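This briefing covers how the two parts of a protein model meet and what makes up its core. The topics follow in that order.

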Amino acid sequence: MSNVAKRQTSTLDKVLRIALYVCLLGMAAVYLAPFLVMLLTSLKDVEEIRSGTLLSLPSSLNFDAWSKAWSGACTGSQCEGMAPYFFNSFQIVIPAVAISTLLGALNGYVISHWKFKGSDVFFAALLVGCFIPFQVILLPMARTLGWLGIANTTTGLVMVHVVYGVAFTTLFFRNFYQSIPVELVKAARLDGAGFFTIFYRIILPVSTPIIVVTVIWQFTQIWNDFLFGVAFSGFDTQPVTVALNNLVNTSFGGKEYNVDMAAAIIAALPTLVVYILAGKYFVRGLTAGAVKG
């Protein structure tokens with residue numbers, strides 16, 4: 001190839017790369033615009049919101065709406081803000097994520113390396129669970145929680161999320177463990193290692209990428225859930241999504257859009273932080289399990 005052709009190819013590559021970056025920046029701006037509107041609105045007072053535009057900058061940084069959304073906004077008959085419901089969500093999310101991740105790891109380990117009669121049927125049944133809509137299990141789950149005596153409790157909500165999420169976590173771990181050589185497990189069994197020894201010493205140490213994927217997936221799904229929260233929680237165990245809905249639909253006097261926006265950002269902050277800090281590990285973990293399975 002001549003020098004002229006090389007220079008033309010190099011110039012074309014640069015132009016295409018710049019065009020790609022412009023497109024990506026444009027899409028990022030469109031995607032982030034709603035969040036920017038929410039943030040700017042939360043920093044204005046009510047009069048400034050009414051007299052300005054959506055993208056107008058606040059005349060001064062005003063965090064009164066954030067303070068009220070956190071500890072003083074009314075979510076129905078109570079005016080305690082989002083704080084108690086924020087911590088309710090953590091009480092639900094942490095054990096539900098931990099239990100569903102552990103069960104998914106054990107299920108995936110068994111299905112991929114300890115085949116038993118009917119294991120394929122069992123895995124197929126779990127896959128069906130991934131496609132069952134939330135609404136289908138509301139009545140059976142309500143009856144089950146009442147029969148167990150844990151209706152309207154944090155424990156009941158944890159159980160609901162574990163039962164619904166274990167199908168997804170099993171699928172993730174099974175696909176990832178399919179890439180681990182079967183000979184490695186067989187060699188450990190010949191050396192006398194048992195089920196849990198192999199899992200703890202061989203399988204679990206290489207599972208970090210898929211554990212990160214599962215934790216992020218489950219954390220996001222459970223934290224953002226509204227339907228299970230509103231259906232199975234009691235007055236004192238409502239998650240933050242239910243409280244946000246109640247806050248937005250409760251008004252005394254004029255509508256305080258700045259408080260609503262601040263409360264929405266507060267409710268979304270944990271998932272934003274998780275994705276910002278661990279987003280690259282999420283993609284890396286997904287691709288790591290895409291070799292086989």
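Ten residues of domain 1 are in contact (heavy atoms within 4.5 Å) with ten residues of domain 2. The model is predicted: local features need pLDDT of at least 70, side-chain atom pairs count only at pLDDT 80 or more, and totals for chains, interfaces and linings use all residues. Residues are numbered from 1 along each chain as its sequence is written, and side-chain values use heavy atoms, without hydrogens and water.

**Domains**
- The domain assignment (automatic or from a database) gives domain 1 as 3–62 and domain 2 as 83–288.
- Taken over C-alpha atoms, the centres of domain 1 and domain 2 are 34 Å apart.

**Interface**
- Domain 1 and domain 2 bury about 710 Å² between them (accessible area lost on being put together, 1.4 Å probe, summed over both), and carbon and sulfur atoms give 80% of that area.
- Between domain 1 and domain 2 there are zero salt bridges (side-chain nitrogen of Lys or Arg within 4 Å of a carboxyl oxygen of Asp or Glu).
- On the side of domain 1 that touches domain 2, helix H1 (3–42) and helix H2 (46–51) are the elements giving two or more residues (helices are DSSP runs of H or I, at least four residues, numbered from the N terminus).
- H1 gives the most to that side, with five residues.

**Core**
- The largest nonpolar core (buried Ala, Val, Leu, Ile, Met, Phe, Trp, Tyr and Cys joined through side-chain atoms within 4.5 Å; buried is under 20% relative accessible area, 1.4 Å probe, protein chains only) has 58 residues.
- Helix H7 (residues 154–177) supplies the largest share of this core, eleven residues.
- Phe228 is among the residues with the most contacts inside this core.
- Leaving aside neighbours within four places in sequence, Phe228 is in contact with residues including Phe134, Leu157 and Tyr164.

Notes
Buried < 20%, exposed > 50% of the residue type's maximum accessible area, 1.4 Å probe, protein only. Buried area = accessible area lost by both parts, 1.4 Å probe.
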